[in-house]
Structure formats: C-alpha cells, structure tokens
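Some words used for protein structures sound like impressions, although each rests on a rule. Please look at the sequence and the structure before reading the exchange below.

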Amino acid sequence: MKRKWRRTKNSPSLIHLAGKDSEKTPEHRSLHGTLLRHFSKSAIDLTRSRDRSNDRAGTGEDEARAESSDRSEASVHTHSHLAEKVALAQKTHGFLNTLRHRFQKSHSRDREREPSSPRDPVNGSSRTGSVPDVSQKDHSDHGGESSDPSGSTTPSTKSPRKGSEGRLNGEAGQDSAQHAALRQHEFFVLDVYLKHGRNLPAMDNSGTSDPYVKFKLGGKVVCKSKIVYKTLNPLWDEWFQIPIDDPYVPLQIKVYDHDWGMNDDFMGEAELDLSTLEPNREQEMTLNLSDSVKSGEQGSITLAANLVPKSKEEREQLAGAGSRSTDSKKLKNQQWSSVVTIVLVEAKDLMAMDSEGTSDPYVKLRLGAEKYKSKVQDRTLTPRWLEQFDMHLYDSGSQILEIEVFDHDARSKDDFMGKTTVDISKLEREKTHRLWCELEDGAGSVFILLTVSGMTNVETISDLLTYQEDPEQVDTIRKQFNLRNTLKQVKEVGHLTVKVFKAMGLASADIGGKSDPFCVLELVNSRLQTQTEYKTLSPQWNKIFFFNVKDIHSVLEVTVYDEDKDHKVEFLGKVSIPLLKIRPGERRWYALKDKKLLGRAKGNNPQVMLEMDLVWNPARAAIRTFNPREEKYTRPELKFKRAVFIRNVNRLKEMGAGFAEGAKFIKSIFDWESKPRTIAAFFAFMLGAYSFELYMAPVALLVVFFKGWVVNLVTAGFRSADDDDYVADDDDEDDDKDKAKDKKSSGDDEKKSLKEKLMAVQEVTAMVQNILGYIASLGECVQNTFNFTVPFLSWLAVLVLSVVAVVLYNVPIRYLVMLFGVHKFSKKLLRPNAIPNNELLDFLSRVPDNDQLRQFRELRPAQVTDAERRREQRMKQSQKKTS
C-alpha cells in the first residue's frame with residue numbers, strides 16, 4: 001500500500017521555501033539551503049524504504065508487518081524530527097529579520113541627522129522649479145495604500161516593511177512579480193501631476209481656505225505646490241519630478257491652509273504606496289484625506305503618478321550635476337529652454353477695495369519657481385504699469401503663467417482682487433502676443449504682451465543653420481503686399497525678415513575677460529531674442545526672425561546684452577535701424593553704439609552682422625502715416641536733467657533765430673532801409689492780394705519743397721552717413737553730480753525736507769523740459785520734411801499738397817466746408833471706437849528730429865580681414881548648396 005506524502009501545518013513546502021529563499025540575504029539563503037538539502041535527503045530515504053517494502057512483499061506476511069511497522073515508526077520519527085528543524089529555522093529567521101529591521105531604522109535615523117548637499121532633479125530642474133534631494137533614502141516603517149480593481153486608491157493600514165527588499169506576508173504571485181520588477185532598478189523618478197482637490201474643509205472665517213500641498217519622503221519635504229486662494233475645490237494643475245531611491249518608502253501627501261503671518265493650518269493627509277505603481281505607466285487616482293484628530297471626511301485630491309526607472313549611469317549624471325565642483329552658472333543657464341518676456345501694460349474695470357471707491361492694485365506673476373511683483377499704483381481702478389519681466393521656461397517645468405492682482409494695504413493683509421492663468425504651451429513661439437486676460441474670482445481684466453523666444457533647442461524654427469526658404473511662402477508674402485491687394489488687409493503694412501549671424505569685438509563683462517552675450521531685437525512692442533553664447537567675445541547666433549510691420553516708419557533696435565548671475569543683464573552695445581533705410585538682401589556689419597546711440601560702445605570696435613529683407617506696401621504705409629502712431633510701452637520715463645533742459649532751450653533758440661531773421665527782414669522793408677526793395681515788395685503784395693486764390697497756399701508750399709529738393713540733391717555728395725565725430729554730452733556726469741548733491745543733502749531732517757521740495761520743483765521743471773523738447777522736436781520735424789531728410793515722407797507731402805491744390809482749384813470753398821462739417825459730425829456715428837487724432841501731427845510724428853537723426857547715424861564698422869571675408873564666402877556657398 002502506497003503512502004501519500006502529507007505536509008504538516010508547520011512544515012512549508014519545497015516550492016514555498018524556494019520562493020522565500022529568493023528574497024533573503026546570503027546568510028538566510030545558506031541556512032535555507034541546508035534545510036532544503038536535509039529535507040530532500042529525508043524524502044529520498046523514505047521513498048527508497050517504501051520501494052524496498054514493496055519488493056519484499058512476497059517473503060512472508062509476518063515479516064512484512066514487522067518491516068511495515070518499523071518503517072512507519074522511522075517515518076514518523078523522521079517527520080517529527082524534520083518538523084522540529086523547520087520550526088527552529090522559522091524562529092531563527094524571525095529573530096534575524098527583527099535584528100536587521102532595527103539596524104536599518106537606526107542607520108536611517110543616523111543618515112537623516114547628517115547634512116546633505118542639495119542636488120538638482122532629473123533633466124536639470126523639476127517641472128515646478130523645486131529641487132528635491134536626490135540622495136534621500138529612508139528605510140523606516142511606513143504605511144501604504146491599497147488599490148482596488150476600479151482604480152481608485154484608498155489608504156490602507158500600516159504594515160512592517162523589510163527595507164528596500166521587504167515583502168508583505170501572504171502577497172500573491174502577481175505582487176511578487178511586481179516587487180521583483182522593482183528590485184531590478186536601483187533608482188527611480190516619480191512624475192506627479194497634481195490636478196485638483198475636492199470638498200476640502202473650510203479653515204477661514206469666510207468659509208473658504210487657501211490650500212496647498214506638501215510632498216514628503218521619510219519626513220523631508222521634496223516638493224510644494226502653489227497656493228490657491230479662497231476655494232474649497234482648488235485647481236493646482238502642476239507637475240513635479242521626485243527622485244526615488246527606495247520605492248518601498250511611501251510618499252506622504254499633506255494639505256495645508258495658508259495663513260499670512262501665522263502657522264498654516266493642517267487640513268488632512270494621505271499616503272501613496274509607490275510599490276503598488278507599475279513602472280512606466282501613468283496611473284490616475286483620487287486620495288481621500290484623513291486627520292487623526294478630526295473625524296469625518298476631509299475631502300480628496302486627484303493626481304496622476306508615473307514611476308520611471310533610471311539606470312545607474314543616469315543616477316551618476318544626476319549626482320554629478322548637483323556637485324559643487326560643477327560650474328553652477330553655466331549649468332543654471334543651460335537648464336532653461338526659452339525666455340518668456342512679459343510686458344505688464346495695464347488693467348481696467350478692477351474691483352474697488354477701499355472705502356473711497358478705489359484700490360491700490362499691484363500684480364504678482366509666477367511661472368514655475370520664478371516670481372515677480374509689480375509696482376503699486378495708488379488710488380485707481382485702471383492702473384497702468386508699463387513694466388517688463390523676463391522669465392524662463394524649462395522643458396520639464398510648468399508652462400502655466402499665473403497672474404494675481406492684489407490691493408495694497410499698509411496696515412493689514414493685502415486684499416485679493418482676482419487671478420488668471422495663461423497656458424504658454426498653446427502660444428506660438430517667436431511671436432509677440434497681445435493678451436487681454438479676464439480675472440477670475442474678481443472683476444476686470446489685465447493687458448499683457450507675451451513673447452516666447454531665446455530657445456536653446458538645436459532644431460527650432462529660428463535656427464538659421466537648418467532653415468530652408470520656401471519659394472511658395474515667399475511668393476505668397478509678396479502677393480500679399482502687392483499694390484493690387486492694397487485694400488484687403490490695410491493694417492498689415494509689410495513683412496520683415498532679420499538674420500542675426502554673429503558679433504565681434506564685444507567688451508568683456510565677466511571677471512575672466514569673457515562675456516555671455518545674447519542679442520535682442522525690438523520692433524516697437526515686438527521683442528525677440530537669440531540664445532545665449534557663453535564665454536566668448538565673438539558669439540555666433542545664426543538665427544532668423546520674422547516681424548509683422550504695421551508702420552513703415554518704425555525703427556528696428558538691435559541690442560547685445562551680457563547675461564549675468566540670476567539672469568540679470570549688462571549692456572554691451574546697440575544699433576537703431578529705421579525700416580526705410582534697410583537695404584534688402586545685403587549682409588553687412590553694423591557698428592554697435594552706447595546707450596545714448598551717440599558714440600561707440602565699449603570694446604574693440606564692437607559690431608554685429610545682420611541681413612534684412614523688407615517687403616511692404618507703399619499705399620498701406622501712406623494710409624498708416626496719417627493715423628496715430630503705436631505707443632512703445634517699455635519707453636523709459638523722461639526725468640529732469642539739467643543738460644537735457646539746456647539742450648532743449650538751445651534748440652528753441654536756433655529755431656527762434658530763423659524767425660528773428662525773418663522778422664528783421666520784414667521790419668527793414670517797412671522801414672524803407674532799401675527803397676528799391678521796399679517798392680518791389682509793395683507791388684508784389686498788391687498783385688498777390690488781387691489775384692490770390694486758396695489753392696495758391698499749397699502751391700507756395702510746393703515751391704518750398706522744390707527748393708529743399710534741389711538743395712538736398714546738390715549737397716548729397718558732400719554729406720557722409722558714416723560721420724562719427726559727434727561727441728556725446730555730459731548727461732551722466734551731471735546725473736552723478738546731482739546724485740552726489742542729493743546724498744549730501746540728506747544728512748538731517750531739515751535737508752530731507754529741502755530735498756522733498758526740490759523733488760516737487762523737479763517735477764515741474766521736468767514738465768517744462770518735456771514741453772520745450774516737444775516744441776523743438778516739432779519745429780525740427782517740419783524743417784526736415786522740407787529738406788527731404790526722409791524722401792518717402794517728403795514725396796508723400798508733395799503728393800498730398802498737389803491733390804489739395806487741384807481740389808481747391810476746382811471745388812468751391814463752401815462745398816469743402818460743408819464736406820468737412822459732415823465728416824466731423826458723422827465720425828462718431830460711423831466709427832464709435834475711433835481714436836481722435838490730428839492727421840497733420842500724426843504725419844509730423846513720423847519725421848525724425850535732429851536728435852533722432854544723430855541716433856540713426858551709422859558709424860564706420862571695423863575693417864574685415866581677408867580670412868574673415870573668405871570664411872563668409874565659404875558660408876554663403878555652403879548655404880546655397882544646402883538650399
């Protein structure tokens with residue numbers, strides 16, 4: 001009779017022991033191996049004994065019974081002896097695990113006491129700009145979370161874990177495979193997308209809260225979300241990247257209510273068991289918050305998590321990126337992928353937060369970890385800031401720009417007036433966007449200009465080395481601005497293409513004798529920039545940019561800056577190029593000037609190489625000339641300067657000298673200083689008065705234009721456009737003297753009060769200075785119009801005067817007066833949103849005055865060597881071959 005092998009309750013099977021053995025230390029594996037060998041030998045002996053009994057079954061019934069009885073006793077004795085060994089092994093195994101677990105907890109606490117240097121997260125930066133500790137490791141006991149089949153995650157009871165190789169008792173085979181897959185990797189990165197919260201507890205007296213979230217590993221904060229004000233259902237919409245050394249350490253998620261000047265209130269917590277996450281698979285879950293002190297529901301948060309395994313090499317790269325020996329400046333500069341330029345212009349229809357029915361608004365801007373705050377505008381609901389901020393966009397960072405408006409209060413907490421967000425990922429790159437952003441949780445809207453440029457990616461649309469011109473697109477642009485299509489898009493005047501190749505001879509702005517230059521191009525309010533080239537005085541950017549031209553009389557400003565620490569900039573040189581002076585398709589060097597655009601910039605004859613192409617419609621440009629000029633929002637405020645005041649007075653004197661000469665000449669006629677001249681003037685006056693018609697007034701102006709054209713034609717060969725002998729004035733020195741006087745005058749209270757009076761006087765003098773400058777500029781513009789300084793504007797004036805003369809000659813004056821009245825009375829009805837303007841002043845605003853002409857004057861660029869010329873020729877030939 002064959003016996004079936006039956007395992008006792010306390011004796012594990014061979015398969016069970018083998019599975020256990022795969023998870024133990026080498027000492028445990030040795031002990032288990034000995035037990036398995038002993039167990040196998042006993043089983044083999046029993047099998048052989050059973051076979052021998054079957055072979056001797058025919059020798060006799062008594063002997064068979066005796067042998068059977070002996071074998072039964074031996075089997076029972078062996079089985080009991082084996083069970084005792086297994087029980088002893090299990091007790092030894094439990095004791096060793098307890099010792100190992102206590103050692104790991106003690107070792108983890110000792111390591112937490114040691115200071116650790118901060119390290120950068122994966123790929124240079126976390127998506128929100130936070131920098132968690134890469135070396136973070138905690139082997140203490142933590143609670144986990146269990147996931148139900150529906151995909152929702154609920155907190156589970158805490159259970160002991162055996163370090164990074166622990167195992168829960170009674171887990172299924174699928175869980176064992178999950179843990180085996182986690183043990184194959186030494187390092188992980190957890191991508192967390194924090195979405196929103198729901199039904200959070202109210203912590204403020206207003207019945208709302210200001211919630212934010214902290215993520216902790218082993219008791220250390222690794223990430224922190226933004227604060228969402230006055231809501232119980234916050235929308236965070238933030239990405240985080242958290243380095244994970246031990247996936248068996250749970251991620252603690254705690255929610256707090258932000259309080260100004262007080263400790264933040266705890267709102268609830270949850271835990272995420274990372275070992276339950278499938279690697280490289282994003283899982284969305286809703287975690288219910290709990291509070292050990294309070295009972296009941298504390299709300300929930302929804303997030304998506306993805307545990308990404310990383311190799312040993314990637315971990316070493318991450319550790320090396322965070323080492324102190326690395327050039328921190330260059331590493332920091334190379335992290336961001338593009339620059340976000342924001343011009344905060346104005347706001348309208350804001351909420352009144354003060355008792356007077358006004359507010360003192362200011363704006364907070366946040367993009368990832370970068371934050372900026374605007375100036376406070378006092379007592380207004382339509383503030384106008386005109387401030388520019390440069391923020392940086394990271395590949396793994398948040399692309400949501402947060403705009404919050406507050407009312408400033410000197411004695412209490414600032415009042416929240418509204419917020420809005422802008423998704424930068426949906427905006428076109430290398431283009432300035434004009435955005436009116438409606439405020440949420442408040443009233444009104446904010447107007448900003450936003451541009452994403454300065455991209456560091458190799459293959460971008462603005463990369464000149466990979467750019468290939470599309471002939472069809474070029475033909476489309478030329479057809480768009482053809483004279484035949486003038487009336488289709490009247491506001492689009494032209495299209496400008498600018499190629500920025502390189503610069504040379506720049507000044508050294510760093511201690512090592514080098515600079516980190518980048519180039520900024522501005523066309524009125526459109527602003528684009530290149531990437532930064534580090535540690536060089538001869539950068540090569542090789543970028544191509546495109547601008548939509550709305551006014552042909554605009555000026556392209558090309559400025560070279562040096563990028564300094566914390567993304568600050570230092571001026572290296574600038575050049576201003578009027579669009580009407582562009583020579584299409586010509587690649588040439590432009591000498592860089594100082595800040596006032598009057599002399600050369602510092603350095604070894606600094607210059608920049610540009611190539612520009614302009615396609616425009618003259619008819620649309622002429623129509624645009626008689627409309628208001630676009631305001632440049634980033635124009636600096638004109639403050640009082642003694643040298644500027646004196647220069648404006650001198651300009652008026654020069655204009656007045658001409659009028660004085662004319663008045664003196666007329667007076668000499670009436671005084672009969674020369675009888676023939678007086679008699680001739682008398683007959684000319686009588687003849688003119690008898691035969692004068694209204695159309696003769698524009699004809700007389702045409703005669704003046706003809707005289708100016710002849711003079712300009714004759715003297716054109718004697719004037720040099722490269723005259724750089726102009727010497728700048730001493731405005732800066734005067735400013736320094738004024739500042740020194742201000743410092744000396746601030747010694748005591750009496751001098752401070754005197755200084756306040758002087759500031760009030762300066763405001764008045766600044767206004768007088770600007771009025772004098774405007775009058776002088778207006779007179780110079782009239783003079784430059786007749787002198788054909790800008791041929792397009794002068795010929796346009798000639799054309800308009802000719803048309804006016806013809807109309808006045810053929811149409812009676814009373815009909816023209818009636819037509820003028822109809823136009824004025826019906827203008828508001830036909831175009832209710834039209835801006836009131838004066839066409840003559842709008843025309844004159846396009847004519848440059850003498851100061852602007854000096855700023856536009858080109859300096860002689862440095863001579864290019866033969867080697868550089870040959871190099872340029874090779875570049876042109878290679879570009880032709882590639883195209």
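The questions and answers that follow concern a predicted model, and they go through its sheets, helix packing and charged pairs.

Q: What makes S22 and S25 edge strands in the sheet ordered S22-S19-S26-S25?
A: This is an open sheet of four strands with antiparallel pairing. Strand S22 (540-549) and strand S25 (586-591) each have a single partner strand, so one side of each is left without a neighbour in the sheet. From one strand to the next, the twist averages 25°.

Q: How do you know that S19 and S22 are paired?
A: Two strands count as paired if there are at least two bridges between them, and strand S19 (residues 494-506) is joined to S22 by eight bridges in the antiparallel sense, so the pairing follows from the definition. Within this pair, Val498 stands opposite Phe545 in S22.

Q: What makes S26 a partner of S19 and also of S25?
A: The bridges supply the evidence on either side, with eleven between S19 and S26 and six between S25 and S26, and the requirement is at least two. Both pairings are antiparallel. Met504 stands opposite Gln607 in S26, while the bridge partner of Glu586 in S26 is Met612.

Q: Which strands are the edges of the sheet ordered S6-S3-S10-S9, and what makes them edges?
A: Four strands form this open sheet, again with antiparallel pairing. Strand S6 (235-244) and strand S9 (283-288) are its edge strands, since each pairs on one side only. The twist here averages 25° from one strand to the next. The partner of S9 is strand S10 (residues 300-310), which runs antiparallel to S9 and is joined to S9 by six bridges; Thr286 stands opposite Thr302 in S10.

Q: Why is H11 called roughly antiparallel to H14?
A: Helix H11 (residues 696-715) and helix H14 (residues 791-810) pack at an angle of about 155°, and their axes are 9 Å apart. Angles over 145 degrees count as roughly antiparallel, and therefore H11 is roughly antiparallel to H14. The crossing of H11 past H14 is left-handed.

Q: What kinds of residues make the contact of H11 with H14?
A: H11 contributes Pro698, Val699, Leu701, Leu702, Phe705 and Trp709, and the residues from H14 include Trp795, Val798, Leu801 and Leu808. Sorted by class, the contact residues are 13 nonpolar, two polar and no charged. Among the H14 residues in this contact are Ser794 and Ser802, and serine is counted as polar by the rule that places residues outside the nonpolar and charged lists in that class.

Q: Why is H8 called roughly perpendicular to H14?
A: The angle between helix H8 (residues 618-625) and H14 is about 75°, with the axes 12 Å apart. The range from 65 to 115 degrees counts as roughly perpendicular, so H8 is described as roughly perpendicular to H14. The contact brings Pro618, Ala621, Ala622 and Thr625 of H8 against Phe792, Leu793 and Leu796 of H14, and these residues divide into six nonpolar, one polar and no charged.

Q: How do you know that H9 and H10 are roughly perpendicular to each other?
A: Helix H9 (residues 642-670) and helix H10 (residues 675-691) pack at about 95°, with their axes 8 Å apart. The angle is within the range of 65 to 115 degrees, and H9 and H10 are therefore roughly perpendicular. Phe665, Ser668 and Ile669 of H9 meet Arg677, Thr678 and Ala681 of H10; the contact comprises three nonpolar, two polar and one charged.

Q: Why is the pairing of Arg478 with Asp613 called a salt bridge?
A: Side chains of opposite charge can pair when their charged atoms come close. The criterion is a side-chain nitrogen of Lys or Arg within 4 Å of a carboxyl oxygen of Asp or Glu, and the side chains of Arg478 and Asp613 meet at 4.0 Å, N to O. The pair links distant parts of the chain, with Arg478 in helix H7 (residues 471-480) and Asp613 in strand S26 (residues 603-616), 135 residues apart. The structure holds 22 salt bridges.

Conventions
Residues are numbered from 1 along each chain as its sequence is written. This is a predicted model: local features need pLDDT of at least 70, side-chain atom pairs count only at pLDDT 80 or more; totals for chains, interfaces and linings use all residues. Side-chain values use heavy atoms; hydrogens and water are left out. Helices (H or I, at least four residues) and strands (E, at least two) are DSSP runs, numbered from the N terminus. Axes are lines fitted to C-alpha atoms, for helices over the stretch in contact, and angles run from 0 to 180 degrees between N-to-C directions. Angles under 35 degrees count as roughly parallel, over 145 as roughly antiparallel, 65 to 115 as roughly perpendicular and the rest as oblique. A crossing is left-handed if the near helix is turned anticlockwise from the far one by less than a right angle, and right-handed if clockwise. Contact means heavy atoms within 4.5 Å.
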